[in-house]
Each structure stands twice: as structure tokens, then as C-alpha cells.
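Grab a coffee and work through a few packing exercises. Try each task on your own before you read the solution under it.

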Amino acid sequence: MTTTVITNIGSLVTNDPALGEGPLGLVGNAALVLDGETVAWAGPAVRAPAADHRVDAAGRAVLPGFVDSHSHLVFAGDRTAEFNARMSGRPYEAGGIRTTVAATRAATDAELSANVARYTREALRQGTTTFETKSGYGLTVEDEARALRIAAEHTDEVTYLGAHIVAPDHADDPAAYVDLVTGPMLDACAPYARWIDVFCEKGAFDGDQARAILTAGKAKGLLPRIHANQLSYGPGVQLAVELDAASADHCTHLTDADVDALASGDTVATLLPGAEFSTRAAWPDARRLLDAGVTVALSTDCNPGSSFTSSMPFCVALAVRDMRMTPDEAVWSATAGGAAALRRTDVGRLTPGARADLTVLDAPSHVHLAYRPGVPLVAEVWRRGVRVA
Ligand SMILES: [Zn+2]
């Protein structure tokens with residue numbers, strides 16, 4: 001294998017406290033040695049071993065590629081008018097998710113795949129090297145399976161979300177829809193997915209339905225994750241911990257018992273500040289979770305309705321400014337936290353053996369992600385040891 005040393009790194013985030021300072025394992029004046037697709041060595045530049053090629057980072061900051069563990073990229077259509085009405089204080093009487101379901105069903109495979117590719121490229125340019133994405137805008141056996149087949153062309157982290165809402169065609173009989181989601185739809189979708197998800201919320205699926213859906217998915221070898229406690233208090237978070245879900249996503253309305261449950265289990269709390277930003281909703285209380293010892297991830301929730309951003313740097317800035325996370329905590333949650341929410345140890349860190357997925361910032365420190373919000377600081381992105389953006 002060819003080795004490459006990236007040297008003269010002003011500040012390197014490794015996410016390994018054994019390699020440097022604090023939880024980020026920060027190393028100043030650092031170097032990183034890549035061996036093919038993986039990291040071979042990380043530490044002070046003066047101690048770096050020899051390599052075949054040398055890249056000068058010119059004092060810039062290097063951090064692990066972002067791990068966006070929650071997005072909804074397999075969709076068609078546009079909801080500009082809905083967003084514009086919401087932000088203009090006007091009532092809006094269209095169908096929300098149902099609008100996207102109709103447009104997605106009407107789209108061709110090629111159109112859906114091109115859309116995923118477009119937003120994947122957009123995210124990559126902003127430093128995202130690993131992302132999860134979901135179905136959930138098909139809501140028929142054929143359309144959900146198609147969405148997952150297309151998603152799997154773009155990422156290994158594919159989530160079956162047939163239980164996004166009760167399909168409009170089953171609005172009068174939600175129980176029959178749950179039977180479909182846990183029966184024929186699951187059979188058709190499981191081959192393409194690693195994860196199963198459910199929107200556990202008033203107006204979507206209640207705790208008993210969510211338990212039935214996730215339990216059926218587990219029996220088919222899928223791993224659970226949950227849209228939990230986003231719009232109201234509810235059973236989602238406790239169910240996530242009970243079923244050992246990798247992540248409870250949103251966590252905006254939590255009781256003390258919910259926080260205690262998250263602190264006692266292995267379920268990550270994934271916060272999605274783009275959703276609160278884009279709906280002018282109250283922020284989740286990140287400080288309360290962190291102070292209780294809960295593992296927190298940050299993700300975009302990129303979707304055409306409630307959070308149409310693919311930018312992890314934007315989410316980091318929101319988390320620091322509005323959710324009172326420190327810059328170090330936010331960067332950890334957007335990298336190592338996202339990896340934990342996907343139960344991955346090969347990404348989200350720059351340590352020997354990890355995948356050589358990294359971002360070079362046009363800045364001397366990762367803190368600039370929050371200090372300089374909205375500025376395109378991502379200068380280079382490397383994935384599997386290759387400079388890709
Ligand atoms: Zn979501």
C-alpha cells in the first residue's frame with residue numbers, strides 16, 4: 001500500500017483522548033499518516049514516521065469526516081411554499097409528508113437516484129463522509145422497497161421507515177397498515193436495509209404500534225432506531241432504551257425518567273437542530289442530556305419538509321449557539337457521536353486502524369465551525385484515503 005503523510009496540521013481532532021488533549025484527543029502541530037484506505041498513525045508532526053507521499057496542510061485544522069446518522073434523501077418534489085408560509089406566519093393547508101409521498105411515488109427510479117446523488121455530493125462538499133438515509137415517502141410495498149434499493153446504491157447505512165406516517169391509502173385503518181409494515185412490506189424491504197425506524201408520535205404511531213414494528217424488524221435481523229419525543233412527550237425514548245435501539249432521534253420533549261433511561265443504556269440521543277430551526281420550534285435541551293452522561297449525536301435530518309439542510313457545519317453552529325453545547329462537544333457529536341448512533345467504530349475518529357475519512361478546514365481550529373457560521377470552511381474532504389472534494 002502507498003502511504004501518505006499529511007503534515008503541518010495546525011490542530012488535529014482524533015476523538016481519542018489517549019492521543020491528545022481532552023475528549024477530542026486534540027493534537028497541535030500534528031501529522032496523520034494514511035496507509036491506503038486507513039489511518040496508520042496520528043500524533044505530533046515531529047514524531048511522524050516516513051511515508052511515500054507528503055501533503056502540507058499549511059497549519060489548517062483536520063478533523064474526522066462528519067457522520068450524519070439521520071437523513072431522508074429518497075424523495076421527489078418541493079415544499080418551498082409550505083416553508084415560506086410557515087416562516088411568513090400564514091396558514092398552510094397542504095398535506096406535509098403526504099405531498100412528498102405523492103411526488104415520490106410519481107418519480108422514476110433515475111430521478112430518485114439522481115436526487116440522492118445530488119444531496120450526497122452537497123453533503124460531501126461540506127465534510128460529510130458517512131451518512132444514513134431512510135425510506136418513508138413510498139408507503140407501499142413496492143415504493144418502500146424501491147426507495148431502499150436506491151438508497152443502498154449510495155450508502156451502507158440504509159433504514160426502513162415504512163412507519164413514517166400511516167399511508168394515506170390506509171388512513172381509515174391504521175391497524176391494517178401496521179400489519180402491512182410488519183408483514184409483506186418488511187419482507188420486501190429487509191434485504192436492502194440495516195436499520196428499522198418508526199415515527200413514534202401523536203398522529204403517527206403510538207408506543208404499542210412502535211414496539212410491534214421494531215420487534216418485527218429485529219426478528220428479521222434489522223437493528224432499531226426511533227424518531228422519538230420530537231413534537232410532544234411520549235413513550236418513544238423509553239421504548240428505544242427497552243429495545244436497545246442504537247439511537248433515539250430528536251429527543252426534544254423529555255421527562256426526567258426519559259433522561260435517566262438514556263443515561264442508563266447504550267442508546268444515543270441524536271439531536272437534529274435543523275428541524276427546530278426550520279420549524280421555529282423550541283430547542284432540545286442538550287445541556288441536560290450531556291450533564292446526565294448521555295451520549296449525544298448531531299445530525300441534519302435532511303428532508304424536504306422540516307429540515308432541508310445537508311450541512312453538518314450549520315448543525316454544529318446551531319448546537320453551540322442555541323443548544324448550549326461547547327464547540328468541542330458539538331464537533332465530537334457530529335463525528336464520533338454520529339458513529340456511535342450507527343454503532344460504528346471505524347469512522348468518526350482519526351486513530352490507527354480507522355477509515356481515512358477526514359476534513360481539512362480553511363481555519364486553524366475546529367472551533368471555527370461555530371465561530372464562523374455560514375462560511376464555507378471545508379477546504380478538502382478525503383474518503384478512504386483519497387481526496388474527493
Ligand atoms: Zn427524521
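A word on strand pairing before we start: two strands count as paired if DSSP finds at least two bridges between them. Keep in mind that this is a predicted model.

**Exercise 1. Pairing in the sheet**

Work out in which sense S7 and S8 pair, and over how many bridges. Then find the bridge partner of Lys 134 in S8.

Solution. Start with the two strands: S7 covers residues 128-134 and S8 covers residues 157-163. They pair in the parallel sense, over 3 bridges, which is enough for the cut-off of at least two. Now go to Lys 134: its bridge partner in S8 is Thr 159.

Next, see what lies on these strands. Helix H4 (residues 141-152) packs on the sheet and touches both S7 and S8. The direction of H4 makes about 165° with that of S8. H7 packs on the sheet too, touching S8, S9 (195-200) and S10 (223-228), and its direction makes about 175° with that of S9.

**Exercise 2. The whole sheet**

Which strands are the edge strands of the sheet?

Solution. Write down the order: S6-S7-S8-S9-S10-S11-S12-S13, an open sheet of 8 strands with parallel pairing. The edges are S6 (66-68) and S13 (296-298), each of which pairs on one side only. As for twist, neighbouring strands here are turned by 25° against each other on average, ignoring direction.

**Exercise 3. Two helix pairs**

Are H5 and H7 roughly parallel or roughly antiparallel to each other?

Solution. First take the geometry: the axes of H5 (residues 174-182) and H7 (residues 207-219) come within 9 Å and cross at roughly 15°. Angles under 35 degrees count as roughly parallel, so H5 and H7 are roughly parallel to each other. Their crossing is right-handed. Then look at who meets whom: Val 178, Val 181 and Thr 182 of H5 meet Gln 209, Ala 212, Ile 213 and Ala 216 of H7. That contact has 5 nonpolar, 2 polar and no charged residues.

Now do H12 (residues 312-322) and H13 (residues 327-341), whose axes come within 9 Å and cross at roughly 140°. H12 passes H13 in a right-handed crossing. From H12, Met 312, Cys 315, Val 316, Ala 319 and Val 320 meet Pro 327, Ala 330, Val 331 and Ala 334 of H13. The class count is 9 nonpolar, no polar and no charged residues.

Technical notes. Residues numbered from 1 in each chain as written. Predicted model: local features only at pLDDT ≥ 70, side-chain atom pairs only at ≥ 80, totals over all residues. Axes fitted to C-alpha atoms, helices over the stretch in contact; angles between N-to-C directions. Helix = DSSP H or I, 4+ residues; strand = E, 2+ residues; numbered from the N terminus. Left-handed = near helix turned anticlockwise from the far one by under 90°. Contact = placed C-beta atoms within 7 Å. Nonpolar A, V, L, I, M, F, W, Y, C, P; charged D, E, K, R; others polar. Parallel < 35°, antiparallel > 145°, perpendicular 65-115°, else oblique.
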